[in-house]
Amino acid sequence: MKENAQEYEILLEYFNTKNFVGLVEYCNSKIEFEKHNHSFFGARGKAYYELEEYGKAIEDLSRALELSPTYSIGLYNRGLCYYDTEEYELAIKDLENAKLLNSELASIDFYLGGSHGLLEDYT
């Protein structure tokens, strides 16, 4: 349990300092030994998103979701990738599923509404 808390703090420090390249490198080193830990794929996917490397982000976030299908933040982040790459149907699917799992996620309604609006679905 303490090890997971330490890992979380390390990942959080990379995010807080916006050191996304360092985060990718850190996750690479961890994934080499922990190929079944969704957190490292999710964190690296978010870092790729921030670096606007959407294809890599979607790949990593999809892997994280294979390992942990109820990973709401992974669904949310992959939904943002789809939104930014104008794949609005996929964005809606991920964002709706993320919202079902965790309705507290920041800006989820903004991106859901935006995706529907961009598809001219005003229902």
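Glutamate 66 counts as exposed, with a relative accessibility of 56%. This is a predicted model, and glutamate 66 is a good place to enter it. Its partner is arginine 63: the two form a salt bridge, and their closest N and O atoms are 3.1 Å apart. Arginine 63 has 27% relative accessibility, so it counts as partly exposed. Both residues sit in helix 4, which spans residues 54-67. They are 3 residues apart there, so about one helical turn separates them.

What allows such pairs to form? Side chains of opposite charge can pair when their charged atoms come close. In this model the count comes to 7 salt bridges. Two others are worth a visit.

Take glutamate 53 and lysine 56. Their side chains meet in a salt bridge, at 3.2 Å from N to O. How accessible is each partner, buried, exposed or partly exposed? Glutamate 53 is at 30% relative accessibility and therefore counts as partly exposed. Lysine 56 is at 44% and also counts as partly exposed.

Now move to the pair of glutamate 7 and lysine 30. This too is a salt bridge, with 3.0 Å between the closest N and O atoms. Which parts of the chain does it tie together? Glutamate 7 belongs to helix 1, residues 2-16, while lysine 30 belongs to helix 2, residues 20-31. The pair therefore links parts that lie 23 residues apart in sequence. The setting of glutamate 7 deserves a look as well. Its relative accessibility is 12%, so glutamate 7 counts as buried.

Next come the cysteines. A disulfide is a covalent bond between the sulfur atoms of two cysteines. How many disulfides does the model contain? The count comes to 0. Cysteine 27 shows the reason in its geometry: the nearest cysteine sulfur belongs to cysteine 81 and is 15 Å away. A disulfide needs the two sulfur atoms within 2.5 Å, so a separation of 15 Å rules this pair out. The view from cysteine 81 matches: its nearest cysteine sulfur is that of cysteine 27, 15 Å away, and cysteine 81 is in no disulfide.

Are these two cysteines buried or exposed? Cysteine 27 has 0% relative accessibility, so it counts as buried. Cysteine 81 has 0% relative accessibility too, and it therefore counts as buried.

Terms used: Residues numbered from 1 in each chain as written. Predicted model: local features only at pLDDT ≥ 70, side-chain atom pairs only at ≥ 80, totals over all residues. Heavy atoms only, no water. Buried < 20%, exposed > 50% of the residue type's maximum accessible area, 1.4 Å probe, protein only. Salt bridge = Lys/Arg side-chain N within 4 Å of Asp/Glu carboxyl O. Helix = DSSP H or I, 4+ residues; strand = E, 2+ residues; numbered from the N terminus.
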